[in-house]
Protein chains: 2
Amino acid sequence: MNLDYIKPDEWKIIEEGFDKENITASESIFSIGNGAMGQRANFEEHYSGETFQGSYIGGIYYPDKTRVGWWKNGYPEYFAKVLNAPNWIGIDVKINGKQLDLNTCRVIDFSRELNMKNGVLTRSFIAEFDDGDSVKIQSTRFLSMTSTEVGVIKYSVTPINFKGEIEFSPYLDAGIINEDSNYDEFFWEILDKIETIDAGFILSKTLKTGFLVCTAMKVELVLNDYIVNIDKESQITDKKITNTYKTEVNSGDTFSIVKYGGYTQGMNHPDAELLNVSKRRLNEAVELGFDALLEKQNKAWNKIWDTADIMISGDIKAQQAIRFNIFQLNQTYSGDDSRLNIGPKGFTGEKYGGSTYWDTEAYCIPFYMSTKDKDVAKNLLIYRYNQLDKAIENAEKLGFSKGAALYPMVTMNGEECHNEWEITFEEIHRNGAMVYAIYNYVNYTGDKDYIASHGMEVIIAIARFWSQRATFSKDKDQFVILGVTGPNEYENNVNNNWYTNYLAKWCLEYALENIEFLKDQFPEDFVRIAEKVKFNETETQTWENVAAKMYFPYSEKHGVYLQQDGFLDKELIPADQLHKSERPINQKWSWDRILRSPYIKQADVLQGFYFFENLFDKDVLEKHFDFYEPLTVHESSLSPCVHSILASKLERTEKAYEMYLRTSRLDLDDYNHEVHEGLHITSMAGTWLSIVQGFGGMRNFNNTLSFDPTIPKNWKSYSFKIKYRDHTIKVFKNHEGCKFYNESDTPIDIIVSNQQVTIQNKDLVVL
Amino acid sequence: MNLDYIKPDEWKIIEEGFDKENITASESIFSIGNGAMGQRANFEEHYSGETFQGSYIGGIYYPDKTRVGWWKNGYPEYFAKVLNAPNWIGIDVKINGKQLDLNTCRVIDFSRELNMKNGVLTRSFIAEFDDGDSVKIQSTRFLSMTSTEVGVIKYSVTPINFKGEIEFSPYLDAGIINEDSNYDEFFWEILDKIETIDAGFILSKTLKTGFLVCTAMKVELVLNDYIVNIDKESQITDKKITNTYKTEVNSGDTFSIVKYGGYTQGMNHPDAELLNVSKRRLNEAVELGFDALLEKQNKAWNKIWDTADIMISGDIKAQQAIRFNIFQLNQTYSGDDSRLNIGPKGFTGEKYGGSTYWDTEAYCIPFYMSTKDKDVAKNLLIYRYNQLDKAIENAEKLGFSKGAALYPMVTMNGEECHNEWEITFEEIHRNGAMVYAIYNYVNYTGDKDYIASHGMEVIIAIARFWSQRATFSKDKDQFVILGVTGPNEYENNVNNNWYTNYLAKWCLEYALENIEFLKDQFPEDFVRIAEKVKFNETETQTWENVAAKMYFPYSEKHGVYLQQDGFLDKELIPADQLHKSERPINQKWSWDRILRSPYIKQADVLQGFYFFENLFDKDVLEKHFDFYEPLTVHESSLSPCVHSILASKLERTEKAYEMYLRTSRLDLDDYNHEVHEGLHITSMAGTWLSIVQGFGGMRNFNNTLSFDPTIPKNWKSYSFKIKYRDHTIKVFKNHEGCKFYNESDTPIDIIVSNQQVTIQNKDLVVL
């Protein structure tokens, strides 16, 4: 595979020239989505080479039977997986009876573009057959951001040097199998195939979970801009509907098919109405027509970009990368449905099974909180609130009691979807991230009602978990937390991971604080919740005791908290002294060697310093950064952003920039040779954080927004916008200084580099 | 399933009455084997109920594709598995056209016996059909201990109340599938099916490994003790040869089939000769005839029992149990082939994949060493010696270098057959057991030549491993061993498991000692080996340094070595305070809960005190026993024997007896509801050790055998024999005292309860 074959451009992702080696990578990179559905950038026409066909529908999953080598108690029997859904984009093409297949034709002037400004994917090329026939192909495709059950494709064929027959066979194929199926099972039941004059529908149902999905298509045929009527030949097989349209065309004529398609599904409509809704959606789309749909698409994306865009001047690859990340985050999750979440691969692949990780709480929520209305972040919190019962069940299964909750490591419907004991059972810090996200949300938005309406129940259940999970060590006369895996998954089953212990203590204290807050401010809610969760006042004594007596491993010699007990027994050789043939260690070393090494996969102690920066002095942060950064190998896509932000805080802009580079083009440049499996969606939020919280130094404490902007030396300038409560602030930074524009109708006081600054409404401050 | 349905008897295993629930358990318990092959006690005739068909051939394995949830670097791609082999015991039976099937007939007076005196399995019952026809069935079966490629079955039918047709259809079935196949694959290729007048042969080959096996049968038909000639109808299908013999018999007549069968295989003969050897073996067997073969069988087992038997008076269940254990160990491994080893399930099941664990070195070698000629234990050592290259490869794969060896956790051919990282990569103490076994062998037999001829290479390669595996901790200024799993598998990835660290230090010192020994006593061998393994004198400095500076976790407060770093942080609640609904914890608790508990699956620190008892004072042992015994849950079949031996040493006979009971009838009483999967063969050696080393107090240090006999209060007496160098000593103990008989032609000095005693040749000493 060629690294770096994507052409730099401010707004577009561009591939030029046809290279079969890049097909599956490009299928990931050029993926499109609209929050409700998404698909890999598979070709419409048949392709006989290596390809990974993928279409996905938000919320639709299948519990696949778990595969393990050696079963351990507590493992889930089934894993919920993102389901590969019926394919509605397919259009087989024949030219004078010859199948168009880029794997067998000669392909000239191939180019593919994804316009991030409006989410439109285009492709054009000339295909030359063995007999000399040449055709020019042009395709345009997008998934509507305004009518999210619909997508549209315009696919045009122009014979260059012959007169002859062009045949389009648009189809629906419901015979799709998950790439990551554990036992190669087919996850769907086909219920019905319906055909009308110009449309086709397949009703199918997921096995076990019983999600009903109607996959639909409707076509128009266009000859040189005029709609034409052509009789179809129809073929219906077991899992597929194919319609075939043929016509004779002259050299230079353009014969096009406009295919409208998409899904309606049972989470959004009564099952019995799916077919009718599908028909209606397609009719509406056809009535509007391709151009009007596209116009709406442009407007919808304009609105998103208006607040979400980050402009970088002087570094076109950085500009392209940050827009790609913002674009993908918006394709994956639009925030209006609290049943959905942000999968680590979004709609671009299947790896990692379930859809929701602690990535959402730790990285994604701040992004959505600052670029969208507060309801979006709230919906992400409510997603977890709605899964609280399952988290309590999950904890019970592992031996906890009395309403303690352990949120799963990976989930779709609230149930655990992972089965490595060292992760599933032990990477419990994720539970703290749930509470941290509530704190973060309330702190940022000021929406304290949320604690009363939803947050408190989660906070209590998690406080209960930590107080049970801590063990009183007689030997230490303190509470310890044994047998955990921290964010650094290159350590398993360790004792007293500092980050976990700190988060546990913080969660307990936050629970105590909010109990008091509720009693004081929302006494009725307090009574209601106390009754609901059978809260007992004596619990707070336990929480206080565990929090007060929590043990933290610390080295006097180094003046740092230790990642875990025994960390100093390791050979602390900086990672940059490893020979490059040993990197990445997760590919070159056996697991045991990794485990006994000091190398850190992703921010662990430093993740704590990121979350709780305000609770430590800067020189303490610096000591920890200097101790841990050299040992960190950043072999998780979620690692460099945290180090980048902390480096910015420590005014080490070069280091911050180095770390920033490691995430921002991770997928575009395919550093880890894995982009063909899908994109790293959640880590894209980390890239955004590296700029806004990192270089921009954006923080908010005590209900005040603050900035401390720095700029990498090879950028000319950058700017971003922040939604903060009732205000939208635009921040511009170059090497001369910075500017803040207040878009809102009321003034705002902010802090810039420790100075208080008032920006009047619709006014600019230059500093 | 009924526990405890096996009738007590001194020499027999007896099942009376037919209970379908017990079928698969009895198939395990009544298994027979002769060291070269073995089989579960499947019925000869068709059985339509639940059954687990199993026939196994020593040394024949298949590398099954590994199944894991989440791949980790270093995992083996394939697992060698004991192969379920073609079935030669099958005889379908029809009575007046009705199939004999115990699942559908009425079964009266069913009884099954396994005579441990001679390894003969018999079964008798009356089967009554719906139409009232009743037949008496009698079957007798054994696998020859003298001609190990042959087994024989005598199967008789006697109509009780009718005259009619009896039909026997003996068959060979090569279409056998492993119960534990990861992907339900068929592991054999059928090469040829050959039929002669009275015999049938199937040549088949294992896929991938290419082991050729010839499965054979030859039959005689007997009517009321007279051989009769009956024409057969023959049916040959894809993977099966069936011959059918019918005759009309009168009520009271007995129609019998004698089926000779078995395997020849490519490890023992050239592939091209297998068929001829098979023919020859069957002809020899038929020529001898059933009765003469049986006579030879009796003699062979008599010889085994003469030295191996343990007699217990006053406790028939204990007597039955210890004989069952000795019997099974002898069925599984006869010791004349260094390519074979003792699988944890022997020839009785498939669980645990490969065949060789450290059980062999830690538990089985002492048994075989004391009950057989020294060549048997030596063959077990040579088995590992021959796999040294693979152990070096295995270590290289995990990142070790310069000829360091890591023996696999489970193996068939020297390659690793296990893939839980916490076991495969981390349970490295097994490597120490390899060296301990060499020490144990040399110490017991006095065969110091073995060090020069084989042992030293293994000792050096393992010393190299430990010296690389230890990490120098600057913090402690000592060597630590990070990331291990000790014998107690209820702790994973711990630091400084005392047992492992101690064993590592001991291995290094033993290596240094033997380097000196070789230089002094076998200088030519030393030069040869040093050249072969590229030994460098500077290595010894490293070994000395690591051994001298090895760290051991210790508690001043408790006066004990700690199982691992941080052990005192656990809640040290004795296991007997757990509610019985929580036991066994490996079934009731999630894995993480087990890991952070203090509970010990099997002897860990105490395993070290067992191995190195002579290096610690008795009061130190006592402290450790009192600290660890209450925390030990003995959820491994290999645990109680060690505690039993140590309890005897501490003169706690009641505790020793309690522990003894937990292993001796483990399978006969099916404590863990798993006997249907096969027997716990290797732990049976532990039971023997509990008596001989435990109650008998047998030790040998400084080339002297010593005893310190005690007796459980509910036994009247017990006796056992020990082969020790040129002597065979019979030990008898009752509540009045003990007697020692020297069977040999020369006197021997032994120590009994710290007193030196001389026993003249062929003389008895009463104490």
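Before comparing the chains, I note what superposing means here: copies are fitted by least squares on the C-alpha atoms of residues with pLDDT of at least 70 in both. That cut-off matters to me because this is a predicted model.

**Symmetry.** I looked up how chain A maps onto chain B: a 180° rotation with 0.0 Å of shift along its axis does it, at an RMSD of 0.1 Å. The two copies are thus related as by a two-fold rotation axis. I then checked chain A for the C-alpha nearest that axis and found A:Val68, at 2.4 Å.

**Interface.** I looked up the contacts next: 38 residues of chain A touch 38 residues of chain B. On the chain A side, the elements giving two or more residues are β21 (471-473) and α14 (591-596). Of the elements, α14(A) gives the most, with five residues. Sorted by class, this side of chain A holds 11 nonpolar, 13 polar and 14 charged residues. I also compared the two sides: 100% of the interface residues of chain A are interface residues in chain B too, so the copies meet through the same surface.

**A sheet in chain B.** I moved on to an open sheet of four strands in chain B, ordered β2-β3-β4-β5, with antiparallel pairing. Which strands stand at the edges? They are β2 (32-33) and β5 (78-84) of chain B; each has a single partner strand, so one side of each lacks a neighbour in the sheet. I zoomed in on one pair: β3 (residues 37-39) and β4 (residues 55-65) of chain B run antiparallel over three bridges. In that pair, I found B:Gln39 opposite B:Ser55 of β4(B).

Definitions and conventions: Residues numbered from 1 in each chain as written. Chains lettered and ligands numbered in written order. Predicted model: local features only at pLDDT ≥ 70, side-chain atom pairs only at ≥ 80, totals over all residues. Pairing = 2+ DSSP bridges. Contact = placed C-beta atoms within 7 Å. Nonpolar A, V, L, I, M, F, W, Y, C, P; charged D, E, K, R; others polar.
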